[in-house]
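Let's take a walk through this protein model, one feature at a time. Have a look at it first, then read on.

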Amino acid sequence: PIAVKWFDSTMRGAPTINGTAGALIAALDACLITGFGPVTPTGITVSGGIATATVPSGQSFVQNAVVLVSGATPSALNGEARVLTSSSTQITFATTAADGAASGTIEIRYAPVGQWQKVFTGANKAVYRSTDVTGPQHYLRVDDAGTTTARVRAYESMTDVDTGAGPFPTEAQYTGGGHWFKSGAANATAVRWRVIADSQTVLIAVAAGSGATATNLAAPLRGFGTPIALRPAGDVWCSFLAVSDGGISTQAPGRLEGGTASNTNTGQVTAPRGWQGLGSALLLDAKPYTGGTAVSGNDSALGAFPSEVDGELKLSRMYLVEKGTNKPPRAVVPGVFHIPQTGTYGVLKDGDTQAGAGDLAGRTLLMLETGVSMSTAPSGVYAVDITGPWR
């Protein structure tokens with residue numbers, strides 16, 4: 001399977017996230033497990049390793065997204081493929097199938113991430129877990145009974161939807177668990193969202209204020225999963241859960257793309273244990289390697305965009321560090337890039353894509369807008385690698 005998948009609320013058939021109970025779980029199910037937007041193409045032809053699928057007008061798929069093809073003959077057409085080009089009636093993708101026309105009862109849909117399972121369920125509750133045995137396979141519990149936010153907590157192990165051991169954050173750190181925002185208002189108005197994930201990490205960016213005002217596209221990045229551990233011997237307790245305190249105007253701390261100088265108790269990144277495997281849940285900071293302390297894309301650490309020296313867009317990977325004095329980086333946040341330059345907002349727009357260069361050659365970077373609050377217009381931009389692999 002293709003390692004990294006990405007999903008956008010503007011994709012055809014995408015689930016709606018809004019200020020109603022169950023909305024977030026429905027979106028996570030669609031992105032992680034089932035996929036969405038199935039369509040029956042009117043035909044698929046192959047020429048020179050490129051398949052062209054013709055679909056009814058308006059039922060196409062977004063360029064760079066990953067689709068799942070099933071029911072086709074020859075069977076080489078079936079499986080996951082990244083959309084190379086897209087129009088209102090056609091998409092193309094690479095294939096190993098021989099030249100010619102396909103037959104069969106064919107279906108194409110946005111492919112789910114895969115290697116995730118929904119292990120427990122309850123009334124507006126769900127527990128998700130990666131099936132990728134190369135990671136720690138910790139559990140994410142989502143209580144989606146609320147309106148504007150869902151309550152989230154991770155566990156080292158769980159026996160049912162409400163019972164687990166090794167929680168992070170603990171109840172002392174966050175009563176009731178952390179928050180993932182759905183909307184700035186308790187109503188059914190859809191908001192803008194994106195999910196980008198691989199088999200071990202789910203990143204979620206919700207512009208909770210967009211339901212009230214179309215320009216409120218600031219979407220601080222939260223997520224759950226396995227970062228890229230820096231300890232050569234491995235770090236089996238290196239999971240993370242990034243949460244907020246539930247205040248729509250206090251979104252800077254605790255997010256994964258970088259923000260204010262140091263995360264405070266208004267938002268946190270949490271881990272189940274220290275790298276030595278001792279103790280219980282502890283708090284982390286997410287920081288750019290450039291040391292910038294301002295909003296991504298509005299951070300003067302490396303000057304203005306574009307660089308007056310080489311014209312480049314500068315990027316910094318994000319790392320996770322345990323709170324304390326003189327603590328070293330513990331892990332890298334997969335796929336996420338802080339922009340340590342000013343002047344990006346308004347030039348790089350929400351949803352723009354940029355081709356990667358250098359060690360990111362061959363990657364596509366998706367630009368997302370952010371700021372210190374989801375209740376106002378954004379003030380910066382960050383990037384997420386939607387091609388992968390992240391590991």
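## The largest pocket

The lining of the largest pocket is made up of 7 nonpolar, 3 polar and 3 charged residues. Here Ala, Val, Leu, Ile, Met, Phe, Trp, Tyr, Cys and Pro count as nonpolar, Asp, Glu, Lys and Arg as charged, and the others, Gly among them, as polar. The pocket's volume is about 290 Å³. Out of 13 lining residues, those closest to its centre are Leu313, Leu315, Gly356, Ala357 and Leu360.

What counts as a pocket? On a 1 Å grid over the protein atoms alone, a pocket is an open set of points with protein on both sides within 12 Å along at least five of seven lines, while a cavity is a set where a 1.4 Å probe fits but cannot get out; lining residues have an atom within 4 Å of a point. Grid points are joined across faces, edges and corners, and a volume is the space filled by probe spheres set on the points.

## Where the numbers come from

This is a predicted model, so to speak of local features we need pLDDT of at least 70, and side-chain atom pairs count only at pLDDT 80 or more, while totals for chains, interfaces and linings use all residues. Residues are numbered from 1 along each chain as its sequence is written, and side-chain values use heavy atoms, with hydrogens and water left out.

## A cavity inside

The structure has 2 cavities of 30 Å³ or more. The second largest holds about 60 Å³ of space. Its lining splits into 3 nonpolar, 8 polar and 1 charged, and includes Trp116, Asp132, His138 and Phe224.

## Helix 1

How far apart are the end C-alpha atoms of helix 1? They are 15 Å apart, which agrees with the 16 Å that its 12 residues (23-34) should span at 1.5 Å a residue. The expected span is 1.5 Å times one less than the number of residues. Helices (H or I, at least four residues) and strands (E, at least two) are DSSP runs, numbered from the N terminus.

Helix 1 is mostly covered, with 9 of its 12 residues buried. Buried means under 20% relative accessible area, exposed over 50%, and partly exposed in between (1.4 Å probe, protein chains only). Among the buried ones are Leu24, Ile25, Asp29 and Cys31. Right after the helix comes Gly35, with a positive phi near 75 degrees.

## Strands and their partners

Strands of a sheet pair through backbone hydrogen bonds, either parallel or antiparallel. One open sheet here has 4 strands in the order 2-10-5-6, paired antiparallel. Strand 2 (36-39) and strand 6 (79-82) are at the edges with a single partner strand each, so one side of each has no neighbour in the sheet. Strand 2 and strand 10 (residues 107-110) pair over 2 bridges, and Val39 has Ile108 as its bridge partner. For two strands to count as paired, DSSP must find at least two bridges between them.

Elsewhere, strand 4 (residues 50-54) and strand 8 (residues 90-94) run antiparallel over 5 bridges, with Thr54 partnered by Gln90. Strand 8 also pairs with strand 7 (residues 85-86), again antiparallel, over 2 bridges. There, Thr85 is matched with Thr92. Strands 7 and 8 form a hairpin with 3 residues between them.

## One residue up close

Is Val119, in strand 11 (residues 116-122), buried, partly exposed or exposed? Its relative accessible area is 26%, so Val119 is partly exposed. The C-alpha atoms of Val119 and Asp310 are separated by 50 Å, and these residues are 191 apart along the chain.
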